[in-house]
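User: I have a model open and want to learn how to read it. Where should I start?

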Amino acid sequence: MFPGRMTLSPPGPPCGPSEELQELAFIERPIRRSLKTAEEIDQLTVDEDLNDVERAVYLLSVGQEVQRASVISNLPSLVRQNPAETFRRVVPKVREVLNGAGAEIQLAAATSFLTILQDDIILIHTHTYSILKTVLLHLNHRDAVVSSAWLETLLSAINALPKETIKQEVLNPLLYQSQLSHSLQARLAACRILGKASCKFDSLIVKKELLPLARSLCRDVESEVRVCMCHHLESMARTIGVDDTRAELLPELLELAGDEESSVRLAAFDSIISLMEMMDGDDRLHLLVPLVMSACDASSQVDEGVMVSLSFQFGKLCSGLAGSLSDEQKRLLLQKFQVLCITGLPTEENRMDVSESTLIRCNCCYNLPAMVAFVDPSHFLSDLYPPFSSLCSDPEVSVRRSVAASFHQVVKLLGSNVHVIHKELLLLLQDSALEVLDALMNHLDETLEVVLSRGDNLMLDNKLPELLSALLSAEQQVGSSLRWRLHEKLLHRYSCLSRLLPGELLHQTFSARIFIILTTNKVLPVQKEAARTFCTFLRYNRKQEQRQEMMERLIQDLAQGRSYWNRLRFLDVCEIATEIFSRKYFNKHFLIPALELVHDPVANVRYKLCQLLPWLRSSLRLPADKLLLQKLDFCVQKFLCREKDKDVVAMIRKTVLELDKLDLSEPFHMRHEWDLLDQKKEKEEMLLLEMEQLERQQNDGKLVSDKHVERKRRDSKTSLSSTKSMSVSSSTGSSSSGKEMRKAKLSRSRSLSSQPTSSKPMNSDRPL
């Protein structure tokens, strides 16, 4: 029947059923091994009548390791439910299980105790003390990962324990034992404990008991210990005060700044800079300035770590040392910053790692606002514009993203000189990397407020069309990508243009584009943000004709559109319009087109309208909106009487219940707040209308005044000519009449003389 599918097997040894069964048995063998036996199932079975605490105690006593780990991981929830019973019965069992337990259970216990301490679940110090005893037992675990987890738990416990307990249980073992006898891991833990515990005690105890131990750790033979202690000296310095810091800690830090290990020098450099605010003018001048200038020396470029730290702290250093630097030192610091801004670029000798040099330039971008304040905005063009322009056109995306993130701060500092970096703003807006645009969009509204505040100067420089073109190209680039969240953010930032651009220019440039996004984009959050921006443009537009045109587009293309998708979008626009416009404006322009969608043939549109009815009802107030309320009630009755779709019927029933509760459920103070907010919106709209009328009157007055001036000019000319003609006619009236008679006689004589002689008898009869 199917000859094409018939194949003959090649000759070979016969394959009997016994071999097939052996193959199946081989396949099933690992599955059988993975199954639990009846005895194992009995061991894993727990009585259902046990409560949570009893079940935890039972599993910790006779359960398997995976069950014990599960109970320990669930310890925070047990403490929340029943803290007293948990600490009385479960925590001692956990302490027994931890003796000799593996790394998995140790990590689970450390994480659970840390969660209990951080969430402030326990309120009794005795419970915290019991946790502390458990932590101290396992702090020196042989596994470094487990030991680090227990150390984090201990540091969190220090915040919750009283001073006496910390001093007796935690600090005494550190203070009265030889540090050299401890392991490297224990000495590193001692550094972190000292830094954390110093915040709990007063300056006298820290100076007498903790500071000698910290000084000995600063001189440890291992560089890791010296680095760790350097990082925690700042907390001790803030506890002992300025005078003791200058006498006790600064000499140690300056000595560590000259350590043979670069990591120690870097840690000391960072600690000294962090303590700069605690130094007076003399210390900054004699201690910190030489250190910074030596770090800025060209010979220190070999130490990449110091260079990275210097680039990160450069703005803070310049701001803090500005009053202690000479003009020459300021010039050297500025030159060093200019060098750091181009570190690693192809134009320079690249002796550093690419990632390190890129990080240095990113740090320079972070410090740009502080450097602009350091050099004074008036000197920006000569001192900082070249490195700033270089960073804006850097080949690395991360650098351009960093400069875009701080661009708004630079713009604010420049103020009226913002036109200097107009080209760089266009460059970042037209950047091909979306990460750069994302960083720029975070504060684009603040940037545009400063840039567009120049107004007529920007228009005179012909820079406004370039800026608007760059903004549109940025939107098109983001809109053509898959980064819809960035597109939503961009549209949100563009809404500030309604306050910054003239209405005519905004209507011609952006309104049409935003409406296209509203009607064509397929991402719902982007559509809603486009609707919000379009409504914002509509609200702040001061031209009645343009507002009417925008409303007609909303009604014709959305509310009355052929696609049900557009009609759904109109209901989204109505939902947003209730937040932006006043009730009066919304009821006048949006309410009736929305209610007319009750006749829509698509059930989804009617369903959406049912959801929106409570919003529409909340915008009505009696007795002013009595007719509109009747129309809304008619819409509800139509739904109840004629609707056939079951989902719409269910929604309208739910909506009717909400409408019945609407007036009763709203507290008076909330209605009062909403009314005040609505009155504020209505006043703003009336103010915009008055401004529009005032502008129109000014324009009409200007036209009338121009016509009046022209008419006056013409009237003056005509009056002048008439007076001249009147004077001439009054003086020479008789002579002019005589001249006219003579001219008439002369013309008649000429006419007679021009006639032929044969006609004389005929013309002789004419009266003269």
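**Reading one residue, then the chain**

Analyst: Start with one residue, Gln-546, which sits in helix H35. Keep in mind that this is a predicted model.

User: Is Gln-546 buried or exposed?

Analyst: Compare its relative accessible area with the cut-off: buried means under 20%. Gln-546 comes to 6% relative accessibility, so it counts as buried.

User: Which other residues in H35 are buried?

Analyst: The list for H35 is Gln-546, Arg-547, Met-550, Met-551, Leu-554, Ile-555, Leu-558 and Ala-559.

User: What does Gln-546 touch beyond its neighbours within four places in sequence?

Analyst: Contact means heavy atoms within 4.5 Å. With those neighbours set aside, Gln-546 is in contact with Gly-503, Glu-504, His-507 and Asn-541. With Glu-504 there is also a polar contact, side chain to side chain, at 2.4 Å. Look at Gln-508 too: 38 residues separate it from Gln-546 in sequence, and the C-alpha atoms are 9.8 Å apart in space.

User: How many Å should helix H35 span?

Analyst: Count 1.5 Å times one less than the number of residues. H35 covers residues 544-559, which is 16 residues, so the expected span is 22 Å. The end C-alpha atoms of H35 lie 21 Å apart, which agrees.

User: Now a residue in a loop. Where is Asn-74, and is it buried or exposed?

Analyst: Asn-74 is in the loop that joins helix H4 (65-73) to helix H5 (75-81). Its relative accessible area is 41%, so Asn-74 is partly exposed. Between Asn-74 and Ser-112 there are 7.6 Å in space, C-alpha to C-alpha, and 38 residues in sequence.

User: Next, aromatic rings. How many aromatic pairs does the count give?

Analyst: Rings pair if their centres lie within 6.5 Å. The count comes to 13 aromatic pairs. Take Phe-113 and Trp-150: the ring centres are 6.2 Å apart and the planes meet at 40 degrees, so this pair is tilted. Phe-113 is in helix H7 (residues 103-118) and Trp-150 in helix H9 (residues 144-160), so to speak a link between distant parts of the chain, 37 residues apart.

User: How accessible are Phe-113 and Trp-150?

Analyst: Phe-113 has 1% relative accessibility and counts as buried. Trp-150 is buried as well, at 0%.

User: Which pair is stacked?

Analyst: One stacked pair is Phe-570 with Phe-590, at 6.5 Å centre to centre and 25 degrees between the planes. This pair also links distant parts of the chain, 20 residues apart. Phe-570 belongs to helix H36 (residues 564-580), while Phe-590 is in the loop between helix H37 (583-589) and helix H38 (591-595). Phe-570 and Phe-590 are both buried. Ring pairs join them with Phe-581, Tyr-585 and Phe-586 into a cluster.

User: Which charged residues lie over the face of a ring?

Analyst: Here are two cases. Arg-539 lies over the face of Tyr-540, 5.2 Å from the ring centre. Arg-569 does so over Trp-565, at 4.7 Å.

User: Now zoom out. What is the secondary structure of the chain?

Analyst: It comes to 44 helices and 0 strands. Of the 768 residues in the chain, 42% are buried. Among contacts with a separation of 6 or more, 69% are between residues 24 or more positions apart.

User: What about the accessible surface of the chain?

Analyst: It comes to about 42600 Å², and carbon and sulfur atoms hold 55% of that.

Methods. Residues are numbered from 1 along each chain as its sequence is written. This is a predicted model: local features need pLDDT of at least 70, side-chain atom pairs count only at pLDDT 80 or more; totals for chains, interfaces and linings use all residues. Side-chain values use heavy atoms; hydrogens and water are left out. Rings of Phe, Tyr and Trp (its six-membered ring) pair if their centres lie within 6.5 Å; planes under 30 degrees apart count as stacked, over 60 as edge-to-face and the rest as tilted. Helices (H or I, at least four residues) and strands (E, at least two) are DSSP runs, numbered from the N terminus. Buried means under 20% relative accessible area, exposed over 50%, partly exposed in between (1.4 Å probe, protein chains only). A charge sits over a ring if NZ of Lys or CZ of Arg is within 6 Å of the ring centre and within 35 degrees of the ring normal. Accessible areas come from the Shrake-Rupley method with a 1.4 Å probe; for residues, only the protein chains shown count as cover. A polar contact is a pair of N or O atoms within 3.5 Å; within protein, one must be able to donate a hydrogen and the other to accept it, and residues adjacent in sequence count only if both atoms are side-chain atoms.
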